[in-house]
Amino acid sequence: MNRPTNIRILNNIIAETRGTAILIQPSPQQKYIIVSNYNLFFYPKGGLVLEHGKNKVTSLEAWRQLTGNDSRSVAGNPKWVDPGKGDFHLQPGSKAIATGLLLPAFLVDFDGIVRPQGKSPCIGPFEYRSKIPQIVNPD
């Protein structure tokens, strides 16, 4: 079985409501590189749980110390418009606004809005827009 050897977890909103937010089970037979950064961790029902092998941590700071990752990541409420109805656009005051990393593969968001709309792109699939956005013409 082919398994990934280089994993990049960038610009994601990771919402954990029932268990482990990130679980990494390293294999002694396979070398791999994991890069995780510019993410927003949201854990509304209690403590954050992140696991790397047999190590389980319950805070973003402890995860950073264990893995050396997520130095630019934040923890908090992403302030989605209406997640119950599938609307994951950001509201004012979200920690995801303009705190992401510009990635060449994602220069537009899921609505076709050019990234970034501010000083940096937003974390997650949608750019926050407080004014009329630039839309990429698909033609």
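Below are a few exercises on this predicted model, each with a worked solution.

Residues are numbered from 1 along each chain as its sequence is written. Because this is a predicted model, local features need pLDDT of at least 70 and side-chain atom pairs count only at pLDDT 80 or more, while totals for chains, interfaces and linings use all residues, and side-chain values use heavy atoms, with hydrogens and water left out.

**Exercise 1. The overall layout**

Work out how many helices and strands the protein has, and in what order the elements run.

Solution.
- Step 1: Take helices (H or I, at least four residues) and strands (E, at least two) as DSSP runs, numbered from the N terminus. The protein then has one helix and 10 strands.
- Step 2: Read the elements from the N terminus, which gives β-β-β-β-β-β-β-α-β-β-β.
- Step 3: Turn to burial, where buried means under 20% relative accessible area, exposed over 50%, and partly exposed in between (1.4 Å probe, protein chains only). Of the 139 residues in the protein, 34% are buried.
- Step 4: Add the accessible surface, from the Shrake-Rupley method with a 1.4 Å probe; for residues, only the protein chains shown count as cover. The surface comes to about 8800 Å², and carbon and sulfur atoms hold 53% of that.
- Step 5: Look at contacts, meaning heavy atoms within 4.5 Å. Among contacts with a separation of 6 or more, 52% join residues 24 or more positions apart.

**Exercise 2. The open sheet**

Find the order of the strands in the open sheet that contains β5, and say which strands stand at its edges.

Solution.
- Step 1: Pair two strands if DSSP finds at least two bridges between them. Three strands then form an open sheet in the order β2-β5-β8, with parallel pairing.
- Step 2: Locate the edges. β2 (13-15) and β8 (74-75) each have a single partner strand, so one side of each is left without a neighbour in the sheet.
- Step 3: Check one pairing. β5 (residues 40-42) meets β8 in the parallel sense over two bridges, and L40 has V74 as its bridge partner in β8.

**Exercise 3. Charged pairs**

List the salt bridges and describe where the residues of each one lie.

Solution.
- Step 1: Apply the rule: a side-chain nitrogen of Lys or Arg within 4 Å of a carboxyl oxygen of Asp or Glu. The count comes to three salt bridges.
- Step 2: Start with E61 and R64, whose closest N and O atoms are 3.4 Å apart. Both lie in helix α1 (residues 60-67), three residues apart, about one turn of the helix. E61 is partly exposed at 43% relative accessible area, and R64 is partly exposed at 23%.
- Step 3: Move to R129 and D111, with closest N and O atoms 3.2 Å apart. This pair links distant parts of the chain, as R129 and D111 are 18 residues apart, both in the segment after β10 (87-90). R129 is partly exposed at 33%, and D111 is partly exposed at 34%.
- Step 4: Finish with E127 and R115, which meet at 3.1 Å, N to O. They are 12 residues apart, each in the segment after β10. Both E127 and R115 are buried.

**Exercise 4. Aromatic rings**

Count the aromatic pairs and give the geometry of the W80 and F88 pair and of the F110 and F126 pair.

Solution.
- Step 1: Pair rings of Phe, Tyr and Trp (its six-membered ring) if their centres lie within 6.5 Å; planes under 30 degrees apart count as stacked, over 60 as edge-to-face and the rest as tilted. The search of the whole structure finds three aromatic pairs.
- Step 2: W80 and F88 are edge-to-face, 5.0 Å centre to centre with 90° between the planes. W80 is buried at 16% relative accessibility, whereas F88 is partly exposed at 32%.
- Step 3: F110 and F126 are also edge-to-face, at 5.9 Å and 70°. Both lie in the segment after β10, so the pair ties together parts that are 16 residues apart in sequence. F110 is exposed at 66%, but F126 is buried at 12%.
- Step 4: Look for a cluster: ring pairs link F42, W80 and F88.

**Exercise 5. A loop residue**

Describe the surroundings of N69.

Solution.
- Step 1: Place N69 in the loop between α1 and β8. N69 is buried, with 13% relative accessible area.
- Step 2: Leaving out residues up to four places away in sequence, N69 touches I34, V35, S36, W63 and R64.
- Step 3: Check the side chain: one of its polar atoms lies 3.4 Å from the backbone oxygen of I34.

Terms used
Polar contact = N/O pair within 3.5 Å; in protein donor to acceptor, adjacent residues only side chain to side chain.
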